[in-house]
Amino acid sequence: MKTFSFCAALALALMPVASHAEADLSTYRAFGEKPGLVSLMDAFMVNLLADGRTRPFFEHADQTRIKAQLVDQICAVLDGPCTYQGAPMGPLHAGLGIQQGHFNALVEDLQQAMDAQGVPFRAQNKLLARLAPLHRDIVTR
Ligand code: HEM
């Protein structure tokens, strides 16, 4: 009896951990996992550089580093098997003078890249909804 209740208590204690470990990877998979995110970020950067509203921010920046950090960040945001190890969003963007219009332009450029890559609409919306709260750390003017 004692053994049983110990096991039952242990099982109950571990349950939330077990269910958390089984993250829902469906959105991450809809993006084509890591290779899909790598090619999405390539297309996204092409769009950012072609867009007069965003080009001034990115043309002299380390584009290779930004793309690699974005891959990890988006992978993590989508509950994929990655850890974002880049700089925190607030201090990183603080001195850049980013306005609402710049943020909107970047979101449009990302949407275009996702459309071009055939990311399902539902998955696109999920990513955008998860990135939206970062807005308050990024738009400073
Ligand atoms: C949800 C929106 C955004 C996300 C998730 C995001 C994410 C990132 C990431 C992960 C990096 C690289 C971090 C690192 O190097 O450690 C970065 C850098 C950068 N981002 Fe953003 N960003 C966003 C919005 C914007 C916007 C709207 C602009 C300007 C239009 C912008 C301009 C830049 C620039 C110029 C850098 C390079 C900064 C530097 O190297 O000093 N970002 N961003």
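**Exercise 1. Identify the protein donor of the iron atom of the ligand and place it in the fold.**

Solution. In this predicted model, the iron atom of the ligand has a single protein donor, His93, whose NE2 atom stands at 2.1 Å. The next step is to locate this residue: His93 belongs to helix α6, which spans residues 89–94. A further contact of the same side chain completes the description, since a polar side-chain atom of His93 is found 3.0 Å from a nitrogen atom of the ligand.

**Exercise 2. Describe the surroundings of the ligand, from the pocket to the individual polar pairs.**

Solution. Begin with the site as a whole: the largest pocket is where the ligand sits. Next, consider the shell, which consists of 20 residues; those that come nearest are Phe57, Arg65, Gln73, Ala87 and His93. Then assign the shell to elements of secondary structure. At least two shell residues come from each of α4 (55–58), α5 (63–77), α6 and α7. The most is given by α5, with five residues.

Finally, examine the polar pairs that involve oxygen atoms of the ligand. For Arg65, an N or O atom of the side chain is 2.6 Å from an oxygen atom of the ligand. For Ala87, a backbone N or O atom takes part, at 2.9 Å from an oxygen atom of the ligand.

**Exercise 3. Determine where Thr54 and Ala105 lie, whether each is buried or exposed, and how far apart they are.**

Solution. Locate the two residues first. Thr54 is in the loop between α3 (33–50) and α4, whereas Ala105 is in helix α7, residues 100–116.

Turn next to accessibility. Thr54 has a relative accessible area of 2%, so it counts as buried. The value for Ala105 is 0%, and Ala105 is therefore buried. The cut-off needed for both steps is a relative accessible area under 20%.

Now compare sequence with space. The two residues are separated by 51 residues in sequence, yet their C-alpha atoms are 6.9 Å apart. The contact lists agree with this pairing. Neighbours within four places in sequence being set aside, Ala105 is in contact with Asp51, Arg53 and Thr54. With residues up to four places away excluded, Thr54 touches Leu48, His102, Ala105, Leu106 and Asp109. One of these partners also forms a polar contact: the side chains of Thr54 and Asp109 are joined at 3.4 Å.

**Exercise 4. Characterise the positive phi values of Glu33 and Asp79.**

Solution. Take Glu33 first. Its phi is near 55°, a positive value in a residue that is not glycine. Glu33 lies in helix α3, and its relative accessibility of 34% is the reason why it counts as partly exposed.

Asp79 is treated in the same manner. This residue, likewise not a glycine, has a positive phi of about 65°. Asp79 is found in the loop between α5 and α6. Its relative accessible area is 34%, so Asp79 is partly exposed.

**Exercise 5. Summarise the chain: how many helices and strands does it have, what percentage of its residues is buried, and what percentage of the contacts counted is long in sequence separation?**

Solution. Count the elements first: the chain has nine helices and zero strands. Its pattern along the sequence is accordingly α-α-α-α-α-α-α-α-α. Next, consider burial: 30% of the 141 residues count as buried. Lastly, take the contacts between residues at least 6 apart in sequence; 70% of them join residues at least 24 apart.

Note on methods. Residues numbered from 1 in each chain as written. Predicted model: local features only at pLDDT ≥ 70, side-chain atom pairs only at ≥ 80, totals over all residues. Heavy atoms only, no water. Donors = N, O, S within 2.8 Å, 3.2 Å for Na, K, Ca; no water. Helix = DSSP H or I, 4+ residues; strand = E, 2+ residues; numbered from the N terminus. Buried < 20%, exposed > 50% of the residue type's maximum accessible area, 1.4 Å probe, protein only. Contact = heavy atoms within 4.5 Å. Near = heavy atom within 4 Å. Polar contact = N/O pair within 3.5 Å; in protein donor to acceptor, adjacent residues only side chain to side chain. 1 Å grid on protein atoms, 1.4 Å probe; cavity = no way out; pocket = protein on both sides within 12 Å on 5 of 7 lines; lining within 4 Å. Sits in = over half its atoms within 2 Å of the grid points.
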